[in-house]
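This report walks through one protein model for a reader who has not seen it before. Please look over the sequence and the structure before reading on.

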Amino acid sequence: MSAATTRSRTARTPAPDRLCAEAVDLARAAAEEAASPGVVGEHVSLVSEGDRVVTHFFECKEPGYRGWRWAVTVTRASRAKNITLDETVLLPGSDALLAPEWVPWSERLRPGDMGPGDLLPTEAEDLRLEPGYTGEDEPPPNSVESEEAELSEDLADLVDTEDAELTTRPATTSRGSIGSIADELGMRRARVLSRYGLHVAADRWEEAFGAKTPMAQAAPAACDSCAFLVPLAGSLKQAFGVCANEFAPADGRVVSLSYGCGGHSEAAVMPKPPKPAPHALDTLQVDEYPLRPARDSGSVPVEADASPEDLGHS
């Protein structure tokens, strides 16, 4: 059993060839030729890649390549003593500093990354979208819509013939056609949100401003009873709205009806200040105000008036 195990291990990982293992100087010279001067460090180890094939590893001193190693593979032909160079490459070690794994741009993009002038393309088979009304459906032949369309085309050709300076003219749809009605209603879009797109958006809004957020857990009431809630249209109005409170944390955001914050319109209504009583003015009675006080109104006893001579007056 021991001999069989030894033979199987030897077949899987052959021992390094002696002449190839001793060719350290040849491998170093090849690494220094491929690298910049002074960046090839000490000999680290060697690995047997096969029969008479050995890879020598040298330390890399290049700034920014911590833990990387120069790998030089040498070999020799059967029954030959001359060592030949196979390849030289820079490989990361077990503790090498590596760049993060490459991720496609569509998966790297995050909310808020787009700036002015940026374009965000959507895939042709985007699961969030589904075909809308594109106007490709032609009206049935000999119908009123088709006759009006032919008449408008004839008038357009006449205008092109008479007015040579008119080079561009916006495309119009015949009045009464499905396309014109769709334009008036704002429904002529190539693609619209699918059910999957609606569910994805609803999950995202519920996670950001939903009932399970810490703000909603501490709120005195939910948004469905707040006066600052602007309801949405369509099927989303049953669960979401837009906050219109400039002091709320979700101002201008789509919030769940079960969300809430301290800015609820009925959370704390300030009482009205009391109005002072009106000034009472009695206009039916006239108060008399004498120019001189009465003689008997003071504390000085009443005496007879002295003559002017006694006071020194003439």
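Where is the place of P63? P63 sits in the loop between β2 and β3. The model described here is a predicted one.

## The loop residue P63

P63 has a relative accessible area of 67% and is exposed. The cut-off for exposed is over 50%, so a value of 67% places P63 in that class. Along the chain, P63 and V39 are 24 residues apart, and 8.7 Å separates their C-alpha atoms.

## Strands β1, β2 and β3

The strands on either side of that loop are joined to each other: β2 and β3 run antiparallel, with seven bridges between them. One residue pair across these strands is F58, which stands opposite W70 in β3.

On its other side, β2 pairs with β1, which covers residues 40–50. This pairing is also antiparallel and extends over seven bridges. Within it, V47 has T55 of β2 as its bridge partner. The hairpin of β1 and β2 has two residues between the strands, and R52 takes a positive phi near 60 degrees there. Because six of its eight residues are buried, β2 is largely enclosed by the rest of the structure.

## T73 in strand β3

Strand β3 spans residues 68–75, and T73 is part of it. Is T73 buried or exposed? The relative accessibility of T73 is 8%. Buried means under 20%, so T73 counts as buried.

Leaving aside residues up to four places away in sequence, T73 touches V53, V54, T55, L85, D86 and E87. T55 is thus named twice in this region, as a contact of T73 and as the bridge partner of V47.

## Nonpolar cores

In soluble globular proteins, nonpolar side chains tend to be buried together. The largest nonpolar core in this model has 15 residues. Those that touch the most other members are A31, A35, V39, V40, F58, W70 and V72. Two or more residues of this core come from each of α3 (24–34), β2 (53–60) and β3. Which element gives the largest share of this core? The answer is β3, with four residues.

A second core, separate from this one, has ten residues. Among them are F209, A216, L229 and V255.

## Salt bridges

Side chains of opposite charge can pair when their charged atoms come close. How many salt bridges does a search of the whole structure find? The search finds three. In one of them, R76 pairs with D17, and the closest N and O atoms are 2.9 Å apart. R76 is in the loop between β3 and β4 (84–92), while D17 is in the loop between α1 (2–12) and α2 (18–21), so this pair ties together parts that are 59 residues apart in sequence. R76 and D17 are both buried.

Another salt bridge joins the side chains of R18 and E22, with an N to O distance of 3.5 Å. Both R18 and E22 are exposed. The side chains of R128 and D126 also meet in a salt bridge, at 2.8 Å from N to O. The two partners fall into separate classes of exposure: R128, with a relative accessible area of 41%, is partly exposed, whereas D126, at 14%, is buried.

## Pocket and cavity

R128 and D126 appear again at the largest pocket, whose volume is about 740 Å³. This pocket is lined by 21 residues, and those nearest its centre are L109, L120, D126, R128 and R204. At least two lining residues come from each of α4 (105–108) and α7 (195–208). The largest share of the lining, five residues, belongs to α7.

The structure also holds one cavity of 30 Å³ or more. The volume of the largest cavity is about 110 Å³. Its lining consists of 14 residues, and C223, C226, F228, C243 and C261 lie nearest the centre of the cavity.

How values were computed
Residues numbered from 1 in each chain as written. Predicted model: local features only at pLDDT ≥ 70, side-chain atom pairs only at ≥ 80, totals over all residues. Heavy atoms only, no water. Buried < 20%, exposed > 50% of the residue type's maximum accessible area, 1.4 Å probe, protein only. Contact = heavy atoms within 4.5 Å. Salt bridge = Lys/Arg side-chain N within 4 Å of Asp/Glu carboxyl O. Core = buried A, V, L, I, M, F, W, Y, C linked by side-chain atoms within 4.5 Å. Pairing = 2+ DSSP bridges. 1 Å grid on protein atoms, 1.4 Å probe; cavity = no way out; pocket = protein on both sides within 12 Å on 5 of 7 lines; lining within 4 Å. Points joined across faces, edges and corners; volume = space filled by probe spheres on them.
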